[in-house]
Amino acid sequence: MEFSDHIKTANVEDVVLRQPLHPPCRGTLCITGHHLLFSDREEGSCRQVLLLLRNIDAIEKRMSGSSGTITIKCKDLRVLQLDIPGMEQCLNIARSIETLSCLDCVSEMYPFFYRPSDLSLQARWGLSSPEKIYGQMKELHDRWRLSTVNRDYSVCPSYPAAAIVPKNTDDDMLKKVAKFRQGGRFPVLCYYHRKNGMVIMRSSQPLTGANRKRCMEDEHLLQAVIDGSDKGYIIDTRSSQQAQQARMTGGGFESKSCYSGWKRLHRQMERGKALQESLIKLVEACGDESHNMDRWLSKLENSKWLSHVQTALSTAGLLAECVERDGHSVLVHGSEGKDSTLLMSTLAQLIMDPSCRTLEGFLALLEREWVQAGHPFQQRCAHSAYSHARLQQESPVFLLLLDCVWQLWRQFPLALGFSEALLLRLATEAYMSDYGTFLCNSHQERCALGVMEKTHCLFQALLRPMERDYYSNPLYEPTELAIWPSVHPQSLQLWRGFFLRWTQQARHLEEAQEEIRNMVNEWGKLALS
């Protein structure tokens, strides 16, 4: 079916647009296969609003006499209102928006049609890969090897084609380990700490089940990780009770008797539906217009969002402490190993590794630990906080990561080489984008659809000179030291730049940050002259 088949009314004159931070304006509304375009027709104005239909989370219709009003609630938390003359035109526009904003076919999404003049499809895609890391880190070569056991994605559908594993673990062993781990996600190296040679591994849960099944190859692999040191730590992002219950459904955990060199620590992290509902409650609190401070604070606390931020930073700090301060290697996993596991490994690397704190280093980290590592972006980011659809696999884990990074950025304003603007851009792009980076649920799916050949890479686009300048932190001063976050409640704040971004207060913050950037640039020019 063509896009045009879903469009009964392509454009409407005399529409009134009401949006945050702007006065109402009258103009022409056009709808295409991927966008809503509003053009202000009032004299002396040439303002246009272009909205990607994929950005629309929910719409509400209200009819009054011969006209109607459509309220559009966006995934970036904007709320727009369109007053449309003519009941039939209003209903046609509403139906088109409802259909075109929810198309499931990935190859029909806008990144496959986006062709900016300053980007080429022949340009190199991406910044990082297991092959590149292994090639750059010669110190890995003694004890670690690059395995291509997953080159056809048959061993683990959600992993990339290559993975770094212990040298004395051959591919046949890896295949057996993969069968013993949920979804085939066998333990792989995701970080090597140059200061002491310790590593962070990540995986999914072992499938021990109620009968306490064992896998000698899995035990051998993990023993090889800590060979030569007294012990390692397993950080399980479930509670001890949840891990025990998982055995009843075929999952489980590493028992002390079989993995004697490893000490297991449980740090429960919310995921899935609970996290999505937390986001919905927080956004509802942020939209409360009662101006009652006690009610606002109560709603904020009841959402539990800042508690999730606190738990994530606290657990990542524990992980980094095991590696950096105590000198032990760590395996981190929950159940599937695609959500809280990636959250932990990313934050721990940001805390410990200065190379991950540059603009390019941070983007490479996200590519490695989220895009390539199989975070199911299409499922998790299908809807944001406004959708009326029944919750399925949505969960704002990536948004939680960006919030945690913002807390670090605020606590260490000189230590990170990127700005809040980058975090806001990434938070938006994950839910709807012109680029192909966050499409699909795995590297295998992207390869099957030709995403790398037919769409543009967001991370490469963000590193173009103009963009790089805008998304860089003008106050950045590199440090080799670890940056340990404070997780006391008074140290954590609501990310106003995101959750209150369409308010006047957030606009003032934006203007202040732009003023700082301009001042720093002027000082730089004076110093050079």
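1. The lining of the second largest cavity is, by class, made up of 10 nonpolar residues, with no polar and no charged residues among them. This cavity, like everything else in this note, is read from a predicted model, and its volume comes to about 70 Å³. The residues that line the second largest cavity are Leu17, Leu29, Leu36, Leu37, Phe38, Val49, Leu51, Ile72, Leu80 and Leu82. Three strands, β3 (35-40), β4 (48-52) and β7 (79-85), each supply at least two residues of this lining, and β3 gives the most, with 3 residues.

2. The strands just named belong to an open sheet of 7 strands, in which the order is β4-β3-β2-β1-β7-β6-β5 and the pairing is antiparallel. Which strands form the edges of this sheet? The edge strands are β4 and β5 (56-64), each of which pairs on one side only, and from one strand to the next the twist averages 30°. As a reminder for the reader, strands of a sheet pair through backbone hydrogen bonds, either parallel or antiparallel. Within this sheet, strand β2 (residues 25-31) is joined to β3 by 5 bridges, and the two run antiparallel; Cys30 stands opposite Leu37 in β3, and Leu37 is also one of the residues lining the second largest cavity.

3. In total the structure holds 2 cavities of 30 Å³ or more, and the largest has a volume of about 290 Å³. Of the 25 residues that line the largest cavity, those closest to its centre are Arg54, Met109, Tyr431, Met432 and Leu439. The lining of the largest cavity divides into 17 nonpolar, 4 polar and 4 charged residues, whereas the lining of the second largest cavity has no polar and no charged residues.

4. Strand β11 (residues 199-202) deserves a point of its own, since it can be followed residue by residue. Val199 and Met201 point one way from β11, while Ile200 and Arg202 point the other way, and all of them are buried. How does β11 pair with strand β10, in the parallel or the antiparallel sense? Strand β10 (residues 188-192) and β11 pair in the antiparallel sense, over 4 bridges, and Tyr192 has Val199 in β11 as its bridge partner. The hairpin that these strands form has 6 residues between them, and in this hairpin Gly197 takes a positive phi near 80°.

5. Strand β11 also pairs with strand β14 (residues 330-333), to which it is joined by 3 bridges, and here the two strands run parallel. In this pairing Met201 stands opposite Leu331 in β14. Strand β11 therefore offers the student both kinds of pairing, antiparallel with β10 and parallel with β14, as strands of a sheet may pair in either way.

6. Turning to charged side chains, a search of the whole structure finds 22 salt bridges. Side chains of opposite charge can pair when their charged atoms come close. One of these salt bridges brings together the side chains of Glu217 and Lys176, at 3.8 Å from N to O. Glu217 lies in helix α4 (residues 216-225) and Lys176 in helix α3 (residues 171-180), so this pair ties together parts that are 41 residues apart in sequence. Lys176 counts as partly exposed because its relative accessibility is 47%. Helix α3 also holds Lys179, which is exposed, with a relative accessible area of 72%.

7. A further salt bridge joins the side chains of Arg380 and Asp339, at 2.9 Å from N to O. This pair links distant parts of the chain, with Arg380 in helix α11 (residues 377-380) and Asp339 in the loop between β14 and α9 (340-352), 41 residues apart. Are these two residues buried or exposed? Both Arg380 and Asp339 are buried.

8. The last salt bridge to mention is a local one within a helix: Glu429 and Arg425 both lie in helix α13 (residues 420-429), 4 residues apart, which is about one turn of the helix. The closest N and O atoms of Glu429 and Arg425 are 2.8 Å apart, and both residues are buried. Which residues share in the network around this pair? Salt bridges with shared partners join Asp118, Arg425, Glu429, Arg464 and Glu467 into one network.

Key:
Residues numbered from 1 in each chain as written. Heavy atoms only, no water. 1 Å grid on protein atoms, 1.4 Å probe; cavity = no way out; pocket = protein on both sides within 12 Å on 5 of 7 lines; lining within 4 Å. Points joined across faces, edges and corners; volume = space filled by probe spheres on them. Nonpolar A, V, L, I, M, F, W, Y, C, P; charged D, E, K, R; others polar. Buried < 20%, exposed > 50% of the residue type's maximum accessible area, 1.4 Å probe, protein only. Pairing = 2+ DSSP bridges. Salt bridge = Lys/Arg side-chain N within 4 Å of Asp/Glu carboxyl O. Axes fitted to C-alpha atoms, helices over the stretch in contact; angles between N-to-C directions.
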